Amino acid sequence: MERNAAVEELLERFAAGKTAALARAISIIENGGAGAEAVMDGIYPRASGAWRVGFTGPPGAGKSTLVNLMTRIFRARERQIGVIAVDPSSPFSGGALLGDRVRMQDLAIDPGVYVRSLASRGSLGGISNCTDEAADVLDAFGKDLVLIETVGVGQSELEIAETAHTVVVVLVPESGDGIQAMKAGLMEIGDVFVMNKADHSDAEIAAREIETALRLKTVPGGGWRPPVLLASAREERGIVEIADTLEKHRRWLGESGRFAAKRREILFARVRNALMDRITRRLDRAAAVRRLVEEKMDEVYSGRMSPYRLVRQLEGLVRIDDAPGGS
Ligand code: GDP
């Protein structure tokens with residue numbers, strides 16, 4: 001889709017606050033390509049820097065349940081909320097228990113909440129997922145708080161730190177979660193730790209273990225010390241404290257200048273990823289590069305030329321000047 005009549009019409013309906021236009025915009029962005037760029041070009045100027053809070057942690061820790069509860073609390077605090085679930089089995093995409101789905105339905109009829117699950121990992125940059133762009137679209141639509149729930153397996157657990165201002169790590173006392181968290185690098189990225197399922201007996205001990213591990217980390221002067229909160233999402237205990245702590249972190253982000261700095265980092269990474277994607281595509285298409293690779297492959301294969309010598313020759317074909325007159 002070029003920046004044509006269809007895009008213009010979509011942008012107009014988006015600006016008028018039509019939820020269908022919001023849904024369509026996110027779908028286009030999920031699909032990527034030129035259509036996504038045209039929509040982002042139009043929408044981006046409206047994004048004013050909503051607060052992004054990411055929830056990560058192992059599957060089954062209670063992320064969905066917590067996001068659900070946070071949505072309710074922050075709605076009551078007059079926030080306009082967007083929820084992004086990057087998890088095909090979350091209640092938002094319909095894969096969870098009936099109880100969760102019923103609860104989510106209350107929120108679904110509230111115009112102050114927009115819930116969206118993202119299955120695709122395509123993006124304008126082609127490298128990161130499109131959570132980042134989707135958060136901007138929600139922001140541009142007028143949401144001032146975007147809650148992001150990750151799938152909680154592998155890379156996505158850590159990627160959230162590159163997209164969210166505030167990262168909540170949700171753990172449970174059972175199955176040595178604390179140790180897993182340390183191994184997976186979650187200790188490094190959490191701003192707030194929640195030991196959920198505190199209705200189970202070992203929660204307090206497990207929370208203290210996390211606290212001890214966190215104490216070993218040095219916090220720069222005036223820095224934020226990540227607290228460990230006990231909660232039971234199922235019994236709705238400790239939930240208001242989590243919301244209050246998140247607000248406290250938001251205030252700290254603002255006062256320390258971290259909020260603006262984070263936004264710049266997010267945008268820098270986005271520009272870089274999109275540029276890298278474009279260069280890769282151009283490289284794949286370039287006939288001169290393909291010819292040279294084809295010509296030289298036998299030499300590389302037989303060991304007469306090292307792969308790196310070929311790369312150096314290719315580099316000459318795809319040079320990007322880094323400064324006027326630079327090499
Ligand atoms: P997610 O995979 O991290 O999103 O976890 P869910 O929110 O889907 O929760 C996984 C399961 O744990 C569900 O059956 C929840 O009802 C249950 N659960 C969530 N919070 C609690 C809690 O505080 N205590 C107990 N006992 N169960 C919980």
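A polar contact is a pair of N or O atoms within 3.5 Å. The legends below apply this cut-off to a predicted model.

**Close-up 1. Polar contacts of the ligand with Lys63, Ala61 and Asn196****.** An oxygen atom of the ligand is placed 2.8 Å from a polar backbone atom of Lys63, a separation that qualifies as a polar contact because it falls within 3.5 Å. A polar backbone atom of Ala61 lies 3.2 Å from an oxygen atom of the ligand. The side chain of Asn196 contributes an N or O atom 3.1 Å from a nitrogen atom of the ligand. On its own the ligand has 580 Å² of accessible area, of which the protein covers 84%.

**Close-up 2. The shell of residues around the ligand****.** The ligand is surrounded by 17 residues, and those that come nearest are Gly60, Lys63, Ser64, Thr65 and Asp199. Helix H4, spanning residues 63–76, gives the most to this shell, with three residues. Divided by class, the shell comprises five nonpolar, seven polar and five charged residues.

**Close-up 3. The second largest pocket****.** The volume of the second largest pocket is about 430 Å³. Its lining consists of 21 residues, and Glu188, Gly190, Asp191, Trp252 and Arg258 are the closest to the pocket centre. Two or more lining residues come from each of helix H9 (186–189), helix H11 (239–256) and helix H12 (258–285).

**Close-up 4. Residue classes in the lining of the second largest pocket****.** In this lining, 10 residues are nonpolar, five are polar and six are charged.

Definitions and conventions
Residues are numbered from 1 along each chain as its sequence is written. This is a predicted model: local features need pLDDT of at least 70, side-chain atom pairs count only at pLDDT 80 or more; totals for chains, interfaces and linings use all residues. Side-chain values use heavy atoms; hydrogens and water are left out. A residue is near a molecule or strand if one of its heavy atoms lies within 4 Å of it. A polar contact is a pair of N or O atoms within 3.5 Å; within protein, one must be able to donate a hydrogen and the other to accept it, and residues adjacent in sequence count only if both atoms are side-chain atoms. Accessible areas come from the Shrake-Rupley method with a 1.4 Å probe; for residues, only the protein chains shown count as cover. Helices (H or I, at least four residues) and strands (E, at least two) are DSSP runs, numbered from the N terminus. Ala, Val, Leu, Ile, Met, Phe, Trp, Tyr, Cys and Pro count as nonpolar, Asp, Glu, Lys and Arg as charged, and the others, Gly among them, as polar. On a 1 Å grid over the protein atoms alone, a cavity is a set of points where a 1.4 Å probe fits but cannot get out, and a pocket is an open set with protein on both sides within 12 Å along at least five of seven lines; lining residues have an atom within 4 Å of a point. Grid points are joined across faces, edges and corners, and a volume is the space filled by probe spheres set on the points.
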